[in-house]
Amino acid sequence: MKDINTVWQKMLSIMEAEVHALGFDVWIRPLRPVKVEDDVLMLCAPSEGAKSEVAARYLPLLKRALREIEGAPAELVLVSDDEVPPPVAETVHEDRQADAQPSRTEIDKLNPKFNFAEFAVGDSNRLAYQSALAVSEAPGERFNPLFIYGDVGLGKTHIMQAIGNDLRVSRPHTKMLYVSMETFINEFIASLRGLHGINNQAFRDKYRNLDLLMIDDVQFLSKKPGSQEELFHTFEALKSAGKQMVFTSDRRPQDIPDLDDRVRSRFASSMIVDIQPPGLELRIAILQKKSRAEKKNIGLDALTYIAERVTSNVREMEGVLTKVLFLSSLYDRKVDLDMCKEALKDYLVQGGEDISVDEIIDCTCKYFDVSKSDVVGKRKNKDVVVPRQVAIYLIIELTNIPLSSIGKFFGGKEHTTIMYSRDKVASLINSDNKIKTAVGDIKAMVLRK
């Protein structure tokens, strides 16, 4: 196997299970395979700084992932964007009117697995799904721009790329471009400096001569006044031409700091939809879809075990399943609960086996200044219910105790009540800074004990 893209996709699957979601999104996902030469895989980082960070943090992991892939190149090297000549397809189209097709390179940046059929839908993401579907059916007419926000690893990139993948089938002449905000910024800076043979006019032609522009992680536009100005004019040009734009972010437009008022107002004029952490049933459905896609028949008990313990990040949950499937192949064993526990041991918080329920409840009570008897009892006042739900959420996150057993600590509550409390807090973490701070502070208190 020496197909460069196949090798890289397999490496990504392995790295997702090994690297924390935020580190994976910021440092690993932006890497791109450039070429294989003399049995050496060249990976390109978007900047010299990114190259240094990846080399310092993740190079051994990347090399180990490469060694795990049968038939892959024997070694890899890291380079930065400045060290790689730009591919011809990325330069500006000389005859834009004559060629209505987008460049092959731009299309190939879309992950074919990110389609509507593979997107598991539930209450936490239904509005985003329906809005994206409407955009793919009538680009530039409904929900333009579309702005999707939510925490890391919940499917924002999947649903955005699903629009592009759907359109390249239903409307193959659509000129589209998918980039990260970091890529937009880096290319804009390069155009100002005349790097890679691209000047400012070429940059503008590339981003404004489109039917569909998709930009991921626009929160990184913060504190970039020059790039904000350029995006504002790009926005205006595409909007006035009736062309579709889709943006994703980890927060709402009004919560992105140091953003020009004109850019913020343009984002705010979008169809704004959020994706919340999925409930247990949806998490199980997501795992079932992934296991079916891998042509693996995994029992419900094993999938439920994973879904009960990875509660707020779909990508991390899928990464755990990828590791389970890898272990199954490595040891030629059927996936069972023991294998899931093996895969999850590195995911769970270090020292989690030594953390007791009482410690978590005691720290929660101390933080909220409430009595333990009230938190584990039946009182339903708000000043008691919130600490109780936070305690339940942290017990699930920091221990391996089954939901039914957790219910016994809180007066014999049903496991469905425990699930509701967990999902409620997971949702509030994304919308309520007080709850987010409380969860972080209490977790730190518990781990310091």
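User: What makes α7 roughly perpendicular to α9?

Analyst: In this predicted model, the axes of helix α7 (residues 181–193) and helix α9 (residues 225–240) cross at roughly 100 degrees. Angles of 65 to 115 degrees count as roughly perpendicular, so α7 is roughly perpendicular to α9. The two axes come within 10 Å.

User: Which residues of α7 and α9 meet?

Analyst: From α7, F184, I185 and F188 take part; from α9, they meet G226, S227, E230, L231 and T234.

User: How do the residues of that contact divide into nonpolar, polar and charged?

Analyst: The contact of α7 with α9 has four nonpolar, three polar and one charged. Phe, Ile and Leu count as nonpolar and Glu as charged, while Gly is among the polar. F184, I185, F188 and L231 are therefore nonpolar, E230 is charged, and G226, S227 and T234 are polar.

User: Why is Q389 called buried?

Analyst: Q389 has a relative accessibility of 11%. Buried means under 20%, so Q389 counts as buried. Q389 is found in helix α17 (residues 382–398). Leaving aside residues up to four places away in sequence, Q389 touches Y420, S421, K424 and V425.

User: What does α17 give to the largest nonpolar core?

Analyst: The largest nonpolar core has 76 residues, and α17 gives the most to this core, with eight residues.

User: Which residues have the most contacts inside that core?

Analyst: They are I163, V246 and I306. With residues up to four places away in sequence not counted, V246 touches V135, L146, I148, M160, I163, L212, L213, M214 and I215. I163 is thus one of the residues that V246 touches.

User: Why are β1 and β3 said to stand at the edges of their sheet?

Analyst: The sheet is open, with three strands in the order β1-β2-β3 and mixed pairing. β1 (32–37) and β3 (75–80) each have a single partner strand, so one side of each is left without a neighbour in the sheet. From one strand to the next, the twist averages 25 degrees.

User: How do you know that β2 and β3 pair, and in what sense?

Analyst: Two strands pair if there are at least two bridges between them. Strand β2 (residues 40–45) and β3 have six bridges, so they count as paired, and the sense is parallel. One of the bridge partners in β3 is S80, which pairs with A45.

User: Which helix packs on this sheet, and which strands are touched?

Analyst: Helix α1 (residues 4–18) packs on the sheet and touches β1, β2 and β3. The direction of α1 makes about 125 degrees with that of β1. This value lies outside the 65 to 115 degrees of roughly perpendicular and is not over 145, so the angle counts as oblique.

Key
Residues are numbered from 1 along each chain as its sequence is written. This is a predicted model: local features need pLDDT of at least 70, side-chain atom pairs count only at pLDDT 80 or more; totals for chains, interfaces and linings use all residues. Side-chain values use heavy atoms; hydrogens and water are left out. Helices (H or I, at least four residues) and strands (E, at least two) are DSSP runs, numbered from the N terminus. Axes are lines fitted to C-alpha atoms, for helices over the stretch in contact, and angles run from 0 to 180 degrees between N-to-C directions. Contact means heavy atoms within 4.5 Å. Angles under 35 degrees count as roughly parallel, over 145 as roughly antiparallel, 65 to 115 as roughly perpendicular and the rest as oblique. Buried means under 20% relative accessible area, exposed over 50%, partly exposed in between (1.4 Å probe, protein chains only). A nonpolar core is a set of buried Ala, Val, Leu, Ile, Met, Phe, Trp, Tyr and Cys residues joined through side-chain atoms within 4.5 Å.
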